[in-house]
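Student: I would like a close look at one part of this model. Could you walk me through one chain and the way it meets its neighbour?

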Amino acid sequence: MPKKVRGVLKIREDLCKQCGLCVAVCPVHILDFSKTKINSKGYRPIELTDPDKCVGCAFCAMMCPEGVIDVYREIVEVAE
Amino acid sequence: MGEKVFMKGNEALGEAAVRSGCRLFFGYPITPASELAEYMAYRLPQVGGVFIQAESEVAASNMIYGAGAAGKYAMTASSSPGISLMQEAISYMAGAEVPAVIINLIRGGPGLGDIQPAQSDYFQAVKGGGHGDYRNLVYAPSTLQEAVDIMPLLFQNAFKYRMLAMMVVDGLVGQMMEAVEFKYDIDPDSIPVPDWALSGKKMHGGTKNVNTSLELDPNKLAAHNFKLFEKYQKVYENERMFEAFELEESDIDVMIVAYGTAARIIKTAVKNLRAKGYKVGLFRPITLWPFPDKELKEYAQKTEHVLTVEMSMGQLIEDVKLSIFDPNKKYHLMPYPGGIVPTPKEVEDKVIEILKGGAK
Amino acid sequence: MGNLQVVYEVPKIYTGPNHYCPGCFHGIIHRVIAEILQEEGWDDISIGIAPVGCAVLAYDYIDIDWFEAPHGRACANATGIKWAWPDRLVFTYQGDGDAASIGFAETSYAAIRGVNITTIMVNNAVYGMTGGQMAPTTLVGMKTTTSPYGRDPKYAGYPLKMAEHIAQFEGTALSVRVSAFDPQHVLDMKKWIRKAFQYQMEGKGYTFIEVVSTCPTNWRMDPVKAAEFVKNEMIKVYPLGVYKDVGDEKKEG
């Protein structure tokens, strides 16, 4: 089976202030504010709209003032 | 060590600081304190110390603030207008409990004033010249030898209580040449680095130290002020220093209160008056804060007349009256503002006038 | 999940949550400093000097020794600390009002004297914490609470360019202006702050990093718009670049 590299984000939702700097720089446009969650600060934290598309570039983490995001990569098998 | 050397006052004060273990001096030139900076610029490199000429007194005082927070003996010296510029750092250091030593060679004011010896920064030194509730340790030696003898105490008490120790001497002490003896020479390496010092986490077990005067929560700031007050109370109880000169008899005609150079001159007046049969004595505060109020009150029981002689316009006398706190006493003031130094003769005449009933 | 490769982890010594407004670059800059100190193992020997202004509580966010300075005096305090412990890494973290207005003399003299410390000056063209007043760095025509009709050079003069100013002194080892408006610039900022700290550890002299930053709150912009404003407007007045680097000079000579 073919393999590809996929990014995995660890998001500390409670630290997010919904500033949107990460959303603006995501090259594959898969970050957005949650439509269902509100964190303890009263913000809608970011979430991945399509986790499979994450490339693990860490642009979001670079821009995050709050230290919300850790970024990892894993190799996954892709169904033909 | 031990032998007497003939030195200019400012230089002897510098040498005393070096022998107290001080290796960091940050200064800015001002008459009549400049020779202290000059001496340190010459002397500190010889003993592995550092002299930095700051861009202003504001910067110099903030440099000792930093060095003190880093746990090292540091000192600056200036004269009245320069000390006014240091009030910012002095207030912050009180809030952040940072120890350091400042020497004020007081000159005539207000404003630029003149460059003659004065004591007119009394209120600024002991009542808090900067903002907020705080106290400084304030030492006022009356001779160069005494200034040299107590110098280690300033550094040691500054670090013991984590507060600023200030020495106030008038310009005369700094400018006069006298024989002086240094009875100590403390190795700076023998002075332990306090555990609260900013020195990098590895120096104190990996837990960070923060030095700040900021506390945004009013309840916590109130608690901090109460804590400072308790510390000042302890200092008051432990550190009051004074000299009672010719005050042994149970009844004294006139008790003179004076400090610093004024007190040194008055000792001559007291001797002359005693030779003429007057029972006169001198009460000399050595610490201006904590003020030796209990002791002054006790000695005041011996007399009806209390004469305050100060090289200022009625600043010391406020603490004299407050300490004695007795409206039945007769309080007299000889103010010498503007850089004028009293003479023994003037004081002798005043005492005789008081005893003849001619003085208010 | 067992074979995850780490791409980026927030440094352990970056301790939040912080009090900054959403999207403020202070958080990014703090985080980057924390990354460098942790990566290089300097956190154990570092002493930071926090300013007066929005970053007054910086000492709560990076796990190193900290000193909280009076307004503008950070470089004077740092001078005292550095001479007390010459082998420690000592840096000031200041705003533009702090380092370039009330502390202009202290900052300049740290450079003139070549004090072996690093200053990170965050330039967002306003006094943030006191409520958006005009700073020495406010752009001409920019409206602030003390320039309600826009900064008028007739009364307020022109923006102060600190990276250029600091570069003129012989005691300066490094003077660079960077920004953080996109990931590439964040990485570039990290490269230069690391270099500044390296120069300090090598005893090269005073190092100065100006970070062109945002104030979404007082600029009345959302954070993304504010970042765009930096990219499109601020940088015209404050060009990014290396204004002095003694490392380069040595290579050329």
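Tutor: Happily; here is chain A, followed by its contact with chain C. Please keep in mind that this is a predicted model.

Let us begin with the fold. Chain A is built from two helices and four strands, and reading along its sequence gives the order β-α-β-β-α-β. Its C-alpha atoms fill a box of roughly 45 × 25 × 20 Å along the principal axes. The chain has 80 residues, and 39% of them count as buried. Sequence separation adds to the picture: if you take the contacts in chain A between residues at least 6 apart in sequence, 69% of them join residues at least 24 apart.

Now to the neighbour. The contact between the two chains draws 23 residues from chain A and 29 residues from chain C. On the chain C side, the elements that supply two or more residues are β1 (5-8), α1 (25-40), α7 (183-201) and α9 (223-237). Of these, α1(C) gives the most, with five residues. Sorted by class, that side of chain C holds 18 nonpolar, seven polar and four charged residues.

Strands also meet across this boundary. In chain A, strand β4 (residues 69-77) pairs with β1(C) in the antiparallel sense, over three bridges. For a place to zoom in, try A:Tyr72, which stands opposite C:Val6 of β1(C). So β1(C) appears twice in this account: it is among the elements of chain C that give two or more residues to the side touching chain A, and it is the partner of strand β4 of chain A.

How values were computed:
Residues numbered from 1 in each chain as written. Chains lettered and ligands numbered in written order. Predicted model: local features only at pLDDT ≥ 70, side-chain atom pairs only at ≥ 80, totals over all residues. Buried ≥ 20, exposed ≤ 12 C-beta atoms within 10 Å, placed from the backbone. Contact = placed C-beta atoms within 7 Å. Nonpolar A, V, L, I, M, F, W, Y, C, P; charged D, E, K, R; others polar. Pairing = 2+ DSSP bridges.
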